[in-house]
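Work through the exercises below with the sequence and the structure open. Each task is followed by a solution in steps.

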Amino acid sequence: SNYRLIADFNLRRSAVDGYGETMKAMHHADQDSRTVVLNNMYMAPWLTTLFVGVWILYGSSHVETLGGTITLGAFIATINIFKEVGFELCEVYVELMEVQRAFGPLEKICRYMNKDTDLFDRMHMLRSRQDEGRRLRQEARDLQKSMASDSPARITSGSRKNISHPAFVVDTLDISVKDLTFTYCENEVLKNLNISFPQGGMYAFVGPAHHGKSTLMKLLAGVHLPAKDHGSIFIPPHLRVLHISLSECLFNLTLMENVLMSSTMQQAGGKERVHEICRMVGLKHRILKFLDTDDRRDHWRAMFSHTDHVRLNLARALVLNPELLVIHKPDCVFSNAEVPGIMDLLRRYVDERGLELPVAGRENRRPRTVFFTATTEESMKIADEVYKVERVRSANQRNAFGLIVTVISAKQLRNADMWINGVSDPYCKVSVERDGQIQPTMVKQTTTVKDCLNPEWNEKLHFTSIEPQDVLVFEIKDKDDNKADDVLGSARVQATEIRDGEVSLIVSSEGKSQLQVAFKKHLPTSDGPAEVTRQTVP
């Protein structure tokens with residue numbers, strides 16, 4: 001996957017040299033391992049020979065024929081016993097080596113099988129959506145019963161401009177974001193976001209780069225999940241959601257199978273529909289002809305440009321025909337001449353509730369909704385609503401700064417381990433307190449130094465955004481395995497008092513224990529959370 005990077009920047013020589021050095025190191029390690037194994041394999045035969053030789057020297061003088069008490073048969077049988085024991089020891093060693101060789105792969109398998117997954121988080125999210133969906137559907141039905149309508153089975157959904165269509169009750173449920181807060185490490189991207197979108201519309205998101213548009217798209221598509229107690233995103237549970245990636249991804253299948261993915265031809269609406277959608281997204285005839293062949297990927301992948309890969313991803317989505325599409329910058333890859341046609345396809349997809357489907361029965365199909373980020377005015381014009389995603393910094397955030405805290409050393413710490421010869425195992429924890437509360441995402445700590453009352457760390461801890469009202473809390477603790485860590489000392493530093501350079505902090509009430517740290521300010525690497533505001537469609 002990195003070949004183009006290596007080829008384009010003429011890195012072949014360094015790549016080959018690096019690979020050669022890696023192979024050489026592996027060869028030396030393998031050679032050392034085989035040497036040890038070979039020596040160990042001869043261990044049992046050497047011991048056998050040694051014991052047999054000692055027994056011959058010692059036992060031969062005790063044979064009856066030489067005036068001893070051991071029969072000749074017992075003497076020879078003892079030699080055979082030594083041989084058998086040596087042989088069995090050699091067999092045991094071989095078996096142990098087989099077990100040892102299996103430890104590495106087994107360790108990897110266990111590590112990979114026990115890695116954290118988001119399976120339970122997704123299960124909890126889906127169950128919550130199902131419960132919320134049932135509640136909202138019942139409320140909508142109760143509302144429908146109380147309304148006078150010509151068609152009792154349907155009501156009209158959509159109070160916003162250009163989003164109005166007759167729909168079943170489930171089609172009136174909005175896609176909503178409630179009290180959503182999302183953080184990357186210490187970088188708060190979204191905070192307490194509340195917004196809702198009726199089904200059946202095209203929603204464009206605009207704003208400066210790195211201000212949270214892509215993050216919001218991934219949250220809506222379920223690529224990212226909100227943390228527990230950080231808000232929720234409600235998407236009616238009957239809707240199929242698809243996030244369209246712009247990356248190149250081809251399976252070693254035929255072109256038709258790469259378009260259909262797991263769908264059958266009947267589910268896709270027939271071969272003619274697949275051909276027409278591929279033609280509509282702009283795939284050329286030289287590629288389209290492979291839809292009718294059994295040639296696998298290697299026969300036609302060379303014909304694909306980067307834009308063709310994006311076209312294929314878009315064709316996959318339109319053929320699959322989900323109720324909710326999420327696309328990041330669909331107008332960025334294509335030329336200016338192609339953008340209107342691509343955006344018109346998405347517009348038709350929403351208006352016709354799926355492309356190249358029968359007109360009869362259209363009103364009975366589920367509404368189609370598209371979320372996308374726009375980079376051109378043409379894309380914004382075709383949307384029903386436009387939202388701006390932009391970070392807005394408060395006065396405190398405008399005066400914020402990034403900070404590197406170097407924890408150098410501590411001196412004369414008290415000993416919290418009371419048993420005989422016990423010595424504290426100290427580490428330093430640095431936290432940011434804001435408005436009287438420790439910020440969970442802004443807690444750092446050094447490594448633990450074993451059995452030391454004058455530890456040296458020389459470790460750098462990075463904080464992306466320190467605001468003027470913040471307080472840095474330093475705590476030196478004794479690491480304990482069987483109980484809560486003891487506090488050996490603490491100190492507090494106001495953010496307004498921080499200056500570049502080293503400083504010595506008193507961390508004990510007696511004034512004996514000291515902590516040596518150094519501060520280095522820099523520009524903040526974290527802005528405030530983004531705000532999402534509705535804009536006027538151009």
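The exercises cover strand pairing, a helix pair, nonpolar cores and two backbone angles.

The model is predicted, and local features need pLDDT of at least 70, side-chain atom pairs count only at pLDDT 80 or more, while totals for chains, interfaces and linings use all residues. Residues are numbered from 1 along each chain as its sequence is written, and side-chain values use heavy atoms, with hydrogens and water left out.

**Exercise 1. Strand β10**

Task: Determine which strands β5 and β19 pair with and in which sense.

Solution. Helices (H or I, at least four residues) and strands (E, at least two) are DSSP runs, numbered from the N terminus. Two strands pair if DSSP finds at least two bridges between them.
- Step 1: β5 (residues 202-206) runs parallel to β10, with 4 bridges between them. Y203 has E385 of β10 as its bridge partner.
- Step 2: β19 (residues 530-535) is antiparallel to β10 and is joined to it by 6 bridges. Here Y387 lies opposite R534 of β19.
- Step 3: Buried means under 20% relative accessible area, exposed over 50%, partly exposed in between (1.4 Å probe, protein chains only). In β10 (residues 385-391), 5 of the 7 residues are buried, so the strand is largely enclosed by the rest of the structure.

**Exercise 2. Two open sheets**

Task: Which strands stand at the edges of the sheet β13-β12-β15-β16, and which at the edges of β14-β11-β18-β17?

Solution.
- Step 1: The open sheet β13-β12-β15-β16 has 4 strands with antiparallel pairing. β13 (437-445) and β16 (486-494) each have a single partner strand, so one side of each has no neighbour in the sheet. From one strand to the next, the twist averages 25°.
- Step 2: β12 (residues 426-434) pairs with β13 over 5 bridges in the antiparallel sense, and R434 is opposite Q437 of β13.
- Step 3: The order β14-β11-β18-β17 describes an open sheet of 4 strands, also paired antiparallel. Its edges are β14 (456-466) and β17 (501-506); each has a single partner strand, so one side of each is left without a neighbour in the sheet.
- Step 4: β17 is joined to β18 (residues 514-522) by 6 bridges, running antiparallel. E502 stands opposite A518 in β18.

**Exercise 3. A helix pair**

Task: Describe how α2 and α4 pack.

Solution.
- Step 1: The axes of α2 (residues 12-41) and α4 (residues 72-113) are 10 Å apart, at an angle of about 155°. Axes are lines fitted to C-alpha atoms, for helices over the stretch in contact, and angles run from 0 to 180 degrees between N-to-C directions.
- Step 2: This makes α2 roughly antiparallel to α4 (under 35 degrees is roughly parallel, over 145 roughly antiparallel, 65 to 115 roughly perpendicular, the rest oblique).
- Step 3: Contact means heavy atoms within 4.5 Å. V36, V37, N40 and M41 of α2 meet C90, Y93, V94, M97 and R101 of α4.

**Exercise 4. Nonpolar core**

Task: Which residues touch the most other members of the largest nonpolar core?

Solution.
- Step 1: A nonpolar core is a set of buried Ala, Val, Leu, Ile, Met, Phe, Trp, Tyr and Cys residues joined through side-chain atoms within 4.5 Å.
- Step 2: Of its 47 residues, M202, L255, V274, C278, L314, L318 and F372 touch the most other members.
- Step 3: Beyond its neighbours within four places in sequence, L314 contacts I244, V281, I327, I342 and L346.

**Exercise 5. Positive phi**

Task: Are D179 and D229 exposed or partly exposed?

Solution.
- Step 1: D179 belongs to β3 (residues 175-184) and has a positive phi near 50°. Its relative accessible area of 44% makes D179 partly exposed.
- Step 2: D229 lies in the loop between α6 (213-221) and β6 (232-234), with a positive phi near 65°. D229 counts as exposed at 72% relative accessibility.
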